[in-house]
Amino acid sequence: MANKIFGVVGWIGTILVFGAVAVRLVRPEWNQYATYMAWAGLAAVLLYMAGQWRDVADFYKGRGARYGTMSLVSIVVFLGILVAVNYLSTRQNKRWDFTANQVYSLSDQTIKILTGLKEPVTFVVFDREANFDRFRDRLDEFAYHSTNVKAEYVDPDRQPARAKEAQLQSYGTILVQYQGRTERVTSSEEQALTNALIKVVTGAAKKVYFTQGHSEKDTAGTDRAGYSSIGQALTGDNYGMESLVLVQQKTVPADATVVVIAGPSTDFFPPEIEALNAYVAGGGKVMVLLDPEAKPGPSTHPLLTQFLADWGIMAGNDVVLDASGMGQMLGTDASVPVAAQYPPHAISEGFRLVTAYPMARSMTPIEGGSNSHTAQPLVSTSAQSWSEADLSSLSGTGGAQVAFNADQGDKMGPITLGAAVSAAATAAPAPPAANGSPAAPDAERKPESRVVAIGDSDFAANFGLGIQGNRDFFMNAVNWLAQQENLIAIRPREPEDRRLTLTADQQQRIMLLCLFIIPGIVFASGVYTWWRRR
Amino acid sequence: MRNIAAIAQRELNAYFSSPIGYVLIGFFALLFGWFFYVPLAFFEQQSMQSAMNPGQAMNINQMLVAPAFMNTTVIMLLVFPLITMRTYSEEKRSGTIELLLTSPLTDVEIILGKFIGAMGLYTAMLSITLIHMAILFIFGNPEWKPIATGYLGLLLMGGCFLSLGLFISSLTKNQIVAAMATFAVFLMLWVLNWISTFVGPTTQAVLAHLSITEHFDDFAKGIIDTKHVIYYLSFIAFGLFLTMKSVDSERWRG
């Protein structure tokens, strides 16, 4: 009876142990249960063995068992030594790159930064599993030069929770984490990774300044038209936010990463525009969100529109209306043009969300550019939308009744609602802030001026962010403005160009040689040997 | 040392006095020829196309030699069980194992001799591929260093498979069983890193380190990393050690 019970316990134990292993492999998220199962199984097996102690003792009386155990122990000891050696070898390895151009080696700048790391840096790669190797090659190199580098690979399709937590937008994103700070990169190139590393290590403040003094949108405002939600999104991405009263400060502070002008209702003063011009010329980045004119008549923002015109962007004196009915799905009327497609641009690369712009004006690149600045379109509305030039018709009877009148200067869609422009800085950049990165200065640095203009400021307000695409679009635009400034330039190491030129005839002969002649000779000599021995 | 050489000599003679050595090398040459020629034709075509728009570097080492080496490891998977299956099983079946066990040679000498013999056959196989590499040097201008590291990697990786195959062969007197078991174990080691994505990061790192192919990658690219060399050498040592224990058990198991 007791034997039977022990037998059952033994089997249960075995099943539990195997089950634990299976759970661990198939359902890693149930790992804790697997651990309990493994312990329970082990206990059951030990219990079974204790029950069978007589048999076990008998077994060990035999010569074979003693020798066998000794063999087993020696194998385990040997294995232990090898494991230890291998463990050490992965930490203390040396590498030699034998390619002519050192294709698989990192640049000196990167190595310098890596060896200087004092605390752990984690690179979290979000991509499809099949693409991991592309990043692994590079990150293994990073890890080779510093024990502080850790790499993690996450497939967002398998671990959607982590992807969501990271607010992931596209595959191939790498989060670089250091002391609670995070930088994101979307490239596996050494230059991108190293720049992200520098940024996250130096913690160079990315500051977004919101201008004030012209009743712009309030970043602290939690009301309907406030910008508090977008403020939170910016803070979440490590941006510091400050307000900027240009009339008082005279110049844009040197630590400004981006200046946002969010829906001013009055125009800027000439000194303010001067400060803005000086800032952009020195490699500054500005985002202008300009709402349509409140009243018909001459522009109420002549200086700001002139500033945009200097950068090749024309702010239309109109309101864009959308009769496509797409807005109705979002619960809005024709005064909220909706965009679902975006002209190719880095900001909207891989972007597939709908965005909507309550009361927007057109914001188009000027044909042929101006001041040798050529802007690119960012957002365009549907073909059923048009730009309504007759503003007086809007203020009177309400948006729903206006109609498309080509003779009054209305233009049929698609209408461009936003534009972006970048150009090499013409003036020397403002001196970097005191906490500037120590690793950067010796490398060549090319400041770039960038301007993004969108014909609406409400899309990023609290009520406009209900449409998910709006938040991401705004953040994409800010990130484009802020992140592309590389601290160091590393030329990617290309493998040497070594190619092969064959005539069709030569190629054919090589095929014959590879597939018939060489194997044929070997087989023939086999037959010859066999024949001779007979 | 002389004894080891004698055993190795005897093993090699056994391969080449029967057709088996030639058949193995012949099929290896055929498969390698195929894995070499197909990428070659493709690379040639790509070179022609990229000649129109220069800028993209066409590197024969990266695009042709490294993939050919990687494919060679697949051939190993198929051919090696056939090399090692007979090493011990044959001796056991024909009874010559008794002679070996009672001979004045030590187990270590016999095992090393057999291992070196098998490595000799493998080296003969690999040396066939030097002809293919010569073709590349005649018609193109490949880098020789990454090719050399690739061969070093192939030799080390082949050594792992052979030592493991030797051990499995020492467990059974049935050659077919030995071949099948060897193939199964090779395949397991081969795909070990495939499942590494389902498990936690630590297990993932351990499994990736255990996977034989994972370590070959760098050799094929032209990199020598001490951790890969040490992994392969310890794998070979462990395989030979297991063989030694297995042969030793022959005595006391009776």
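Reader: Hi! Quick one to start: is R509(A) buried or exposed?

Author: R509(A) is exposed, with a relative accessible area of 55%. Keep in mind that this is a predicted model.

Reader: Thanks! Which residue does R509(A) form a salt bridge with?

Author: The partner is D505(A), and the closest N and O atoms are 2.8 Å apart. Both residues lie in helix α16 of chain A, residues 504–533, and they are 4 residues apart, about one turn of the helix. D505(A) counts as partly exposed, at 41% relative accessibility.

Reader: How many salt bridges does the structure hold over all chains?

Author: Over all chains there are 22. Another of them joins the side chains of K207(A) and D255(A), at 3.0 Å from N to O. K207(A) sits in strand β6 and D255(A) in the loop between α10 and β8, so this pair ties together parts of chain A that are 48 residues apart in sequence. D255(A) is partly exposed, with 23% relative accessibility.

Reader: And which residues are linked in a network of salt bridges?

Author: That network links R95(A), D137(A) and E141(A) with D218(B), K221(B) and D225(B).

Reader: Nice. What about E11(B), is that one buried or exposed?

Author: E11(B) is buried, with a relative accessible area of 3%. Its salt-bridge partner is R10(B), with the closest N and O atoms 3.7 Å apart. R10(B) is partly exposed, at 38%.

Reader: While we're on chain B, how many helices and strands are there?

Author: Chain B has 10 helices and 1 strand. From the N terminus on, the order is α-α-α-α-α-α-α-α-α-β-α. Of its 254 residues, 57% count as buried.

Reader: Let's switch to the strands of chain A. How many residues of β2(A) are buried?

Author: In β2(A), residues 121–126, 6 of the 6 residues are buried. V121(A), F123(A) and V125(A) are on one side, with T122(A), V124(A) and F126(A) on the other, so both faces are covered. In general, side chains in a regular strand alternate between the two faces of the sheet.

Reader: Which strands does β2(A) pair with?

Author: β2(A) runs parallel to β3(A), residues 149–154, and 6 bridges join the two. There, T122(A) stands opposite K150(A). β2(A) also pairs with β4(A), residues 173–178, in the antiparallel sense over 6 bridges. In that pairing V121(A) stands opposite Y178(A).

Reader: What unit do β2(A), α6 and β3(A) make?

Author: With helix α6, residues 132–145, between them in the listing, they make a right-handed β-α-β unit.

Reader: And where does β4(A) go from there, which strand is its other partner?

Author: β4(A) pairs with β5(A), residues 181–185, in the antiparallel sense over 5 bridges. I174(A) has V185(A) as its bridge partner. The hairpin has 2 residues between the strands, and Q179(A) takes a positive phi near 50 degrees. Of the 6 residues of β4(A), 5 are buried.

Reader: Last topic, helix α8(A). Why call it largely enclosed by the rest of the structure?

Author: 11 of its 13 residues are buried, so the rest of the structure largely encloses it. Among the buried ones are L193(A), L197(A) and I198(A). Its end C-alpha atoms are 18 Å apart, which agrees with the span of 18 Å for 13 residues at 1.5 Å a residue. G203(A) follows the helix, with a positive phi near 65 degrees.

Notes:
Residues are numbered from 1 along each chain as its sequence is written. Chains are lettered from A and ligands numbered from 1 in the order in which they are written. This is a predicted model: local features need pLDDT of at least 70, side-chain atom pairs count only at pLDDT 80 or more; totals for chains, interfaces and linings use all residues. Side-chain values use heavy atoms; hydrogens and water are left out. The expected span of a helix is 1.5 Å times one less than its number of residues. Buried means under 20% relative accessible area, exposed over 50%, partly exposed in between (1.4 Å probe, protein chains only). Two strands pair if DSSP finds at least two bridges between them. A crossover is right-handed if, with the strands pointing away from the viewer, the path from the first strand over the helix to the second runs clockwise. A salt bridge is a side-chain nitrogen of Lys or Arg within 4 Å of a carboxyl oxygen of Asp or Glu.
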